[in-house]
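Student: Please choose one part of this structure and take me through it closely, starting from a single residue and working outward to what lies around it. I am new to this structure, so a careful, connected account would help me most.

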Amino acid sequence: MRVLLLSGPNLSRLGVRQPEIYGKATLEDLARLARDEADVSKIDLDHFESSSESELVDAVNKARDSYDGIIVNAAALTHYSWSLRDALASYPGKVVELHISNPLARERWRHRSVVSDVADGVISGFGSVGYPLAVAAISRLLERG
Ligand code: DQA
């Protein structure tokens, strides 16, 4: 099974960006945690990071031919990117939405996700542990078919 981990805007600054909210781990650290879990689950995991909405949309559309599932932390795009939502809605594989923090426990504008209802499940609020949890979750979803 092949899974694509997608990271949206400003996640490349993890480690220095608001560590009181997002912790001290860098995006590379989080991707490594995800990869370690992927090895256990015998999943081939690739990671693509971009702050560009169009690059993320293109990545989702290309993924339909090569990946069985997508784990997406769309960062702020979660809350307003209809183009990313449309791309995910037409993606035939499994989709897990992932957040480090719990957006529902934060500012009101973060309470709406435009991608949650086109995802198979959502993992949020567990900090860095969310990354291996998301891999374990998508692995179960893929096993189930
Ligand atoms: C985030 C939550 C979003 O609201 C925020 O814009 C981010 C990160 C998270 O992982 O907690 O950039 O997706």
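**From D58 outward**

Tutor: D58 has a relative accessible area of 41%, so it is partly exposed, a class that lies between buried, under 20%, and exposed, over 50%. Please keep in mind throughout that this is a predicted model. D58 is found in helix α3, and that helix is the part we shall look at, together with the elements around it. A useful first step leads from D58 to L84, which is 26 residues away in sequence, while the C-alpha atoms of the two are 9.0 Å apart in space.

That step takes us from one helix to another, since L84 is one of the buried residues of α4. Two packed helices are described by the angle between their axes and the distance between the axes. Here the axis of α3, which covers residues 53-66, and the axis of α4, which covers residues 82-89, come within 9 Å of each other and cross at roughly 5°. With such a crossing angle, α3 is roughly parallel to α4, because angles under 35 degrees are counted in that class. On the α3 side the contact is made by E53, L56, V57, V60 and N61, and on the α4 side by S83, L84, A87 and L88. Sorted by character, the residues of this contact comprise six that are nonpolar, two that are polar and one that is charged.

It is worth staying with α4 for a moment. Its buried residues are L84, R85, A87 and L88, and, when one looks down the axis of α4, they fall within an arc of 160°, so they line one face of the helix. An α-helix has 3.6 residues a turn, so residues three or four places apart point the same way. The buried residues of α4 pack against α3, and also against β3 and β4, which brings us to the sheet.

The sheet is open and has five strands, in the order β2-β1-β3-β4-β5, with parallel pairing. The strands at its edges are β2, residues 44-49, and β5, residues 121-124; because each has a single partner strand, one side of each is left without a neighbour in the sheet. From one strand to the next, the twist averages 20°.

Between β2 and β3 in that order stands β1, and this strand is mostly covered, with five of its six residues buried. Towards β2, which runs parallel to β1, there are six bridges, and R2 stands opposite D44 in this pairing. Towards β3, residues 69-73, the strand β1, residues 2-7, is joined by five bridges, and these two strands also run parallel. Two residue pairs show how β1 and β3 line up: I70 in β3 is the bridge partner of L4, and L6 stands opposite V72 in β3.

Other helices lie against the sheet as well. Helix α2, residues 27-40, lies across β1 and β2 and runs at about 160° to β2. Helix α5, residues 130-144, also packs on the sheet, where it touches β1, β2, β3, β4 and β5, and its direction makes about 165° with that of β4.

We can now return to α3 and look at the loop that leads from β2 to it, in which S51 lies. With a relative accessibility of 45%, S51 counts as partly exposed. If its neighbours within four places in sequence are left aside, S51 is in contact with P9 and N10. By way of a longer span, S51 and S139 are separated by 88 residues in sequence and by 27 Å in space, C-alpha to C-alpha.

A last stop lies in another loop, the one between β4 and β5, where R112 is found. R112 has a relative accessible area of 48%, so it is partly exposed. Once its neighbours within four places in sequence are set aside, R112 is in contact with T78, H79 and W82. Of these contacts, T78 is 34 residues from R112 along the chain, and the C-alpha atoms of the two are separated by 8.0 Å. The third of the named partners, W82, falls within the residues 82-89 that make up α4, and so this loop leads us back to the helix that α3 lies roughly parallel to.

Technical notes: Residues are numbered from 1 along each chain as its sequence is written. This is a predicted model: local features need pLDDT of at least 70, side-chain atom pairs count only at pLDDT 80 or more; totals for chains, interfaces and linings use all residues. Side-chain values use heavy atoms; hydrogens and water are left out. Two strands pair if DSSP finds at least two bridges between them. Helices (H or I, at least four residues) and strands (E, at least two) are DSSP runs, numbered from the N terminus. Axes are lines fitted to C-alpha atoms, for helices over the stretch in contact, and angles run from 0 to 180 degrees between N-to-C directions. Contact means heavy atoms within 4.5 Å. Angles under 35 degrees count as roughly parallel, over 145 as roughly antiparallel, 65 to 115 as roughly perpendicular and the rest as oblique. Ala, Val, Leu, Ile, Met, Phe, Trp, Tyr, Cys and Pro count as nonpolar, Asp, Glu, Lys and Arg as charged, and the others, Gly among them, as polar. Buried means under 20% relative accessible area, exposed over 50%, partly exposed in between (1.4 Å probe, protein chains only). The arc is that of the directions from the helix axis to the C-beta atoms.
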